[in-house]
Amino acid sequence: MPRTCCRCKQERPLEEFGPNKHTPSGLRYQCRACEAADQKLRRAGKQSTEPKQTKQTKEAITTKTVALGDIHFPFHNRAALGWALEVIGSEQPDYVVQVGDVFDQFSFAKWPRSHNAILPKDEMDEARKHALFMWSEIKRLAPKADCYQLMGNHDQRALKRITESVPSAETFVRDGIKELLTFQGVTLIDDSQDELHIDGVQYEHGHLRFGEHARNNQCNTVCGHSHRGGSMFYNVVPGAYWELNCGFLGDIRGEAFRYMPTKRATNTTLGIGIVDALGPRFCPYI
């Protein structure tokens, strides 16, 4: 059975995909040809196999993508999420990407917290219920959009805590996390090291400071993680690239965010990201 490369969108034989033990199929999402081309250009100091977003090639982005930042179900901001769904319905994007931390997994956090706030099972059941509703609404509001769910560091909290204590349980817990993050009609990128490329833009959860992902990737990058939305542009020879952080859709007043000092909490930015022919932009929820 052929497999579609998430980069070039071509159907290719299974033998043209490298192994990846962490994906459901055991194969990588990109074909070997796309991976080889990326590696060659990265070694040469270039940014991607896709056209650079320079003045001469800004028409390279021909699709529209709505990127949802960290949501942290069940500790989400209901009003902001409802607004984000309305934007998706009005924009009718070609792609919708949730860049990770769709769940919070507060019960598995390392920092001191009340164990009476919510039971682990109740938290996961609530988070799953809200995520199912969100994706079903997105599919209803934008039925033609291709949807992607990425994995964030919070989504892997349970896996990390359990494997720290019982390493032999890693496979079973990993499979359970994949099941929690699998939604009908949504492609799951379940390895945080795998790259999702859409129209020459790399989408990832992120782990660096704002602006450093695009510098590190040497290509246009959309991420989350820091909870601070915005865009940053770099001018480099021979072209230019940018980074878009698509912000935050959590409820900063929730129990899961008690670890944040007030100064940091006030720097979170509710909103979403949009990438289209006009370029990247952060749309704040006001």
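**Exercise 1. Place Ile118 and list its contacts.**
Task: in this predicted model, find which elements flank Ile118 and which residues Ile118 touches beyond four places in sequence.

Solution.
- Step 1. Start with the secondary structure. Ile118 sits in a loop. That loop runs between β6 (95-98) and α3 (120-141).
- Step 2. Set aside residues up to four places away in sequence. Ile118 then touches Phe75, Phe106, Ser107 and Glu123.
- Step 3. Take one of these partners, Ser107. Ser107 and Ile118 are eleven residues apart along the chain. Their C-alpha atoms are separated by 7.3 Å.

**Exercise 2. Lay out the open sheet.**
Task: give the strand order of the six-stranded open sheet, then name its edge strands.

Solution.
- Step 1. Write the order: β8-β7-β6-β5-β14-β15. The pairing is mixed.
- Step 2. Look for strands that pair on one side only. These are β8 (186-189) and β15 (279-284), the edge strands.
- Step 3. Add the twist. From one strand to the next it averages 20°.
- Step 4. Inspect one pair. β5 (residues 65-68) and β14 (residues 271-276) run antiparallel, joined by three bridges. Val66 stands opposite Ile274 in β14.
- Step 5. Add the helix cover. α3 lies across β5, β6, β7 (146-150) and β8. The angle between α3 and β7 is about 160°.

**Exercise 3. Classify a helix pair.**
Task: decide whether α4 and α5 are roughly parallel or roughly antiparallel, and sort the residues of their contact by type.

Solution.
- Step 1. Get the geometry. Helix α4 (residues 157-165) packs against helix α5 (residues 170-180) at an angle of about 170°. The axes are 9 Å apart.
- Step 2. Apply the cut-off. Angles over 145 degrees count as roughly antiparallel. Therefore α4 is roughly antiparallel to α5.
- Step 3. List the contact. From α4 come Ala158, Leu159, Ile162 and Thr163. From α5 come Glu170, Val173, Arg174 and Ile177.
- Step 4. Sort them. The contact holds five nonpolar residues, one polar and two charged.

**Exercise 4. Summarise the chain.**
Task: state how many helices and strands the protein chain has, what share of its residues is buried and how much area it exposes.

Solution.
- Step 1. Count elements: seven helices and 15 strands.
- Step 2. Take burial. Of 286 residues, 52% count as buried.
- Step 3. Take surface. The chain exposes about 14000 Å². Carbon and sulfur atoms supply 52% of that area.
- Step 4. Check contact range. Among contacts with a separation of 6 or more, 65% join residues 24 or more positions apart.

Methods. Residues numbered from 1 in each chain as written. Predicted model: local features only at pLDDT ≥ 70, side-chain atom pairs only at ≥ 80, totals over all residues. Heavy atoms only, no water. Helix = DSSP H or I, 4+ residues; strand = E, 2+ residues; numbered from the N terminus. Contact = heavy atoms within 4.5 Å. Axes fitted to C-alpha atoms, helices over the stretch in contact; angles between N-to-C directions. Parallel < 35°, antiparallel > 145°, perpendicular 65-115°, else oblique. Nonpolar A, V, L, I, M, F, W, Y, C, P; charged D, E, K, R; others polar. Buried < 20%, exposed > 50% of the residue type's maximum accessible area, 1.4 Å probe, protein only. Areas by Shrake-Rupley, 256 points an atom, 1.4 Å probe, with all protein chains shown as cover. Pairing = 2+ DSSP bridges.
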